[in-house]
Amino acid sequence: MTDCIFCKIANHEIPSSIVYEDDVVIAFLDLSQVTKGHTLLVPKKHVADIFEYDEELAKEVFSRIPKIARAIERSSDDILGLNILNNNRSIAYQSVFHSHIHFLPRYEDSDSDGFGLKWKTHEGKYSQEELAKVVAAIKDSLEE
């Protein structure tokens, strides 16, 4: 893809702060630095989102997550935890349509200025029958 910023970074056409690279992926600091050390892991092959991965690419890309996560954790004694996020499509806040995985080091509760996740429970909102239909629909949609 000629106008994709992540393709340009993967092809070394524009500068970036690369922390890891191999034949399949490139990892670099996100310009936004939501938290210090915010890193993106990007497949070099252009895929828009998780829905375009084949099994082999998924295995290759996602197997690198622990390596990058451990490197980030070891990079600073101040890192207390890490959020790993993969947003898919606009509704899920994907803003660059070349699949990528965010690594957000967490330092303290107050480092969330400009970043946050909210998990509101909806336990009890759906009947067991409704949930059974959801389970059946997902199982029926699984690819062999």
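Start by selecting Glu 56 and Lys 59: the two form a salt bridge, and their closest N and O atoms are 3.4 Å apart. Keep in mind as you look around that this is a predicted model. Both residues belong to helix H2, and because they are three residues apart there, about one helical turn separates them. Glu 56 is partly exposed, with a relative accessibility of 42%.

**Further along: Arg 64 and Glu 60**

Now select Arg 64 together with Glu 60. This is another salt bridge, with 2.9 Å between the closest N and O atoms. Colour the two by accessibility and you will find Arg 64 buried at 15%, while Glu 60 is partly exposed at 24%. Add Asp 22 to the selection, and you have a network of salt bridges that links Asp 22, Glu 60 and Arg 64.

**A bridge between distant parts of the sequence**

Next, pick Glu 21 and Lys 44. Their salt bridge has its closest N and O atoms 2.8 Å apart. Glu 21 sits in strand S1 and Lys 44 in the loop between S3 and helix H2 (55–62), so this pair ties together parts that are 23 residues apart in sequence. Glu 21 is partly exposed, at 31% relative accessible area, and Lys 44 is partly exposed too, at 25%. A search of the whole structure gives five salt bridges.

**The hairpin**

Stay with S1 and bring in its partner. Strand S1 (residues 18–21) and strand S2 (residues 25–29) run antiparallel and are joined by three bridges. The two strands form a hairpin, with three residues between them. To see the pairing, select Tyr 20, which stands opposite Ala 27 in S2.

**Two backbone angles to check**

Follow the chain out of S2 to Gln 33, in the loop that leads to strand S3 (39–43). Gln 33 is not a glycine, yet its phi is positive, at about 40°. Its relative accessibility of 27% makes Gln 33 partly exposed. Then jump to Tyr 93, in the loop between S4 and S5. Tyr 93 also has a positive phi without being a glycine, here about 70°. Tyr 93 is exposed, with 71% relative accessible area.

**His 100**

In that loop between strand S4 (81–85) and strand S5 (101–106), select His 100. An unreviewed UniProt entry annotates His 100 as "active site". His 100 counts as buried, at 6% relative accessibility. Show its surroundings: leaving aside residues up to four places away in sequence, His 100 touches Phe 6, Leu 40, Leu 41, Val 42, Leu 85, Asn 86 and Gln 94.

**A nonpolar patch**

Turn on the surface and select Val 134, Ile 138 and Leu 142, which make a nonpolar patch of about 300 Å². Val 134 lies in helix H4 (residues 128–141), and Val 134 is partly exposed, at 46%.

**Zooming out**

Finally, reset the view and switch to cartoon. The protein chain has four helices and five strands, in the order α-β-β-β-α-α-β-β-α along the sequence. Its C-alpha atoms fill a box of roughly 50 × 40 × 25 Å along the principal axes. Of its 144 residues, 33% count as buried. The chain exposes about 10100 Å², and carbon and sulfur atoms supply 53% of that area. Among contacts between residues at least 6 apart in sequence, 51% join residues at least 24 apart.

How values were computed. Residues are numbered from 1 along each chain as its sequence is written. This is a predicted model: local features need pLDDT of at least 70, side-chain atom pairs count only at pLDDT 80 or more; totals for chains, interfaces and linings use all residues. Side-chain values use heavy atoms; hydrogens and water are left out. Patches are made of residues with over 30% relative accessible area and no salt bridge: like charges are joined within 9 Å, nonpolar side chains (Val, Leu, Ile, Met, Phe, Trp, Tyr) within 5 Å. Accessible areas come from the Shrake-Rupley method with a 1.4 Å probe; for residues, only the protein chains shown count as cover. A salt bridge is a side-chain nitrogen of Lys or Arg within 4 Å of a carboxyl oxygen of Asp or Glu. Buried means under 20% relative accessible area, exposed over 50%, partly exposed in between (1.4 Å probe, protein chains only). UniProt positions are given in the numbering used here, feature names are shortened, and annotations may be inferred rather than shown by experiment. Contact means heavy atoms within 4.5 Å. Two strands pair if DSSP finds at least two bridges between them.
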